[in-house]
Amino acid sequence: MEGDRISYHESVRRAYRRLKEDGITNIWDRYEAQGLGGDPDKRCPFCLGGVRCDLCSNGPCRADAEKDKRGVCGITADGMAMRMMALRNVLGASTYHYHTEQTLKTLRATALGKTPFSIAEPGKLRDFASRLGLDLSGSDAEIALRLCDFCEADFNRKADQPSLVVEAMAPEERREAWKKLGIFPGGIYGEMMRVTSSCLTNVDGYYASLALKAMRMGIAMAYQSQLVNEYCQDVLFGIPRPHPMRVNLGVLDPDYVNALPNGHEPFLGFAMVQLARRPEWQEKARAAGAKGLRVIASIETGQEMIQRWSMDEAFHGFTGNWIMQEAVLSSGCVDLFAADMNCSMPIDPIYAERYRFKLIPVSDLVAFEGIEERLDYEPEKAEEQAARLLEMAIENFKVRRGAVETFTGQPVGEAVVGFSTESILEALGGTLDPLLEALKEGTIRGVAGLVSCTNLRDSGQDVHSVAVARELIKRDILVLSMGCGNAAMQVAGLCLPEAAELAGPGLKALCARLGVPPVLSYGTCTDTGRLADLLAAVSSALGGVPIPDLPVVAAAPEYMEQKATIDAIFALALGLYTYVNPVPTVTGGPKLVELLTSGCRDLTGGQLHLEKDPVEAAEGMLSHIEAMRKKLGI
């Protein structure tokens, strides 16, 4: 593999060459080795089609819809493919919700005065509590505790007890559609149990039934997990507002102590930044021989952090998304890698030994072979734990500097980050009217929510994501970017106002008028729920236009794992035209494919679109947007 087949980013391609010289295992070579017949993308056709099952001891079974070849139990190819997708969605939902539970623990402990954090946004707290119908009397702390109690009780409602969070936060039109279909959810735990139990051998093998159950769980996840999580993190750490941020591998300087919080949960990352900004901690680093101490944001934990807090010398910048991980760790610049609940790779201990950094799990979910030392996050001990992590990084500096050849000269760029519903409204003067007028006048044709990961299927890291985004903005479609795909946009320069030169004339003019980029950095994969809330606000501002009729699309140009699949299922339940790449592992079930790509339109209004070519993908999204514009008479 070489060139763009490695990555869109020259910094990563350079790092890959270093990895080859060092003779160390890396994700690109491992991906290539999984291919068949010399083709890195060629895999078992049954696995690619989703028609392989080993859930019981009669298997593994393979199914073939054309021959009506079924599993031993009798399950069809369609049922087999949807059952495996539903199980993947349970994994995604449970991991999203684990994050949410940690956020509520942190908010509760903060309200009780037991963490180094504070309620940064009392207005957001009261607004969110009001939308949930809570009593607003008393102090901010008392309201925060009521909010925690309410949400936790809702999470634990039985599957046959309708969720009060979804009832309060979802638009009325969607609520009615979901109730009519029988997919209005109960509590998230009940929904996960319902789907998991349905996937047991000889319980539910009907693809359509499993698809509806997955959608129902996806709705619970988006509102109870994602939306509650992000809004409570806003309350604790601040509402994202636009500001510049350094990005790319050049943010790593070997002469500094570099501590990297990594994963999806920002709690210890924020606590480390608070300490690193104190003069006494900078002096500790200098006493160890370093120029200073820096906390470097990484992957989705970093994305949560950079959206909310501005850069300075202590909080220096952001590396990139998860496929950059080995490039980051092999730089010879890392002293501490604190791994929270997602996106730290099983290979990391080999890199820790070779490049001499401290690898510390900070979540009880995370474990590495050969790594015994750990520091599982506890909200009440956040400052103490952050201090210990920074001490480890400082102690490691001399070890690392004396043993590892550093890899320097990497580029550093800049991105404007921190767009949220509130900050978009602020940029528009406090109302959605300028955006709605731009849509009505055709200045912009529509909006795309790009909720993506990054992968190596069919192209290099971020290559397809960047290509799709460039094609969308060229067609005057404003992009709101989330997830690991957001890092692709940031490092590629699309989150700068100057990138408007790549946009169509209408979007370019709007960007110039508002002083914003054509791709708005909107957060992490967890912000899918926030996006749904924004679309509800747009729907309301247009007089109650149903969400499926809005000139908006969802796009996942490089989806990768189980969180992404449940995001896509929720987007279909929400009624969105949803573009995904690579082709999901469901193609062995033709009836399931028909349901997802066309039949779903008659149920929820949603539609799945599959396309490998970025130009054709953008044309498909534009065609849908234009059809909705015509339907609305704009």
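Helices, as I use the word, are DSSP runs of H or I of at least four residues, strands are runs of E of at least two, and both are numbered from the N terminus. What we are looking at is a predicted model, in which local features need pLDDT of at least 70 and side-chain atom pairs count only at pLDDT 80 or more, while totals for chains, interfaces and linings use all residues. Residues are numbered from 1 along each chain as its sequence is written, and side-chain values use heavy atoms, with hydrogens and water left out.

Let me start with helix α18, residues 433–441, just after which G442 takes a positive phi of about 85°. Its buried residues are L435, L436, A438 and L439, where buried means under 20% relative accessible area with a 1.4 Å probe, protein chains only. They lie on the same side of α18, because they cover an arc of only 160° around the axis, taken from the directions from the helix axis to the C-beta atoms. An α-helix has 3.6 residues a turn, so residues three or four places apart point the same way. The buried residues of α18 pack against β10 (446–451), β11 (477–482), α21 (505–514), α22 (528–541) and α25 (614–632), contact being heavy atoms within 4.5 Å.

Now to the strands. Strand β5 (residues 293–298) runs parallel to β6 (residues 315–318), and three bridges join them; pairing asks for at least two DSSP bridges. The chain crosses from β5 through helix α13 (residues 299–308) to β6 in a right-handed β-α-β crossover, meaning that, with the strands pointing away from the viewer, the path from the first strand over the helix to the second runs clockwise.

Methods. Buried means under 20% relative accessible area, exposed over 50%, partly exposed in between (1.4 Å probe, protein chains only).
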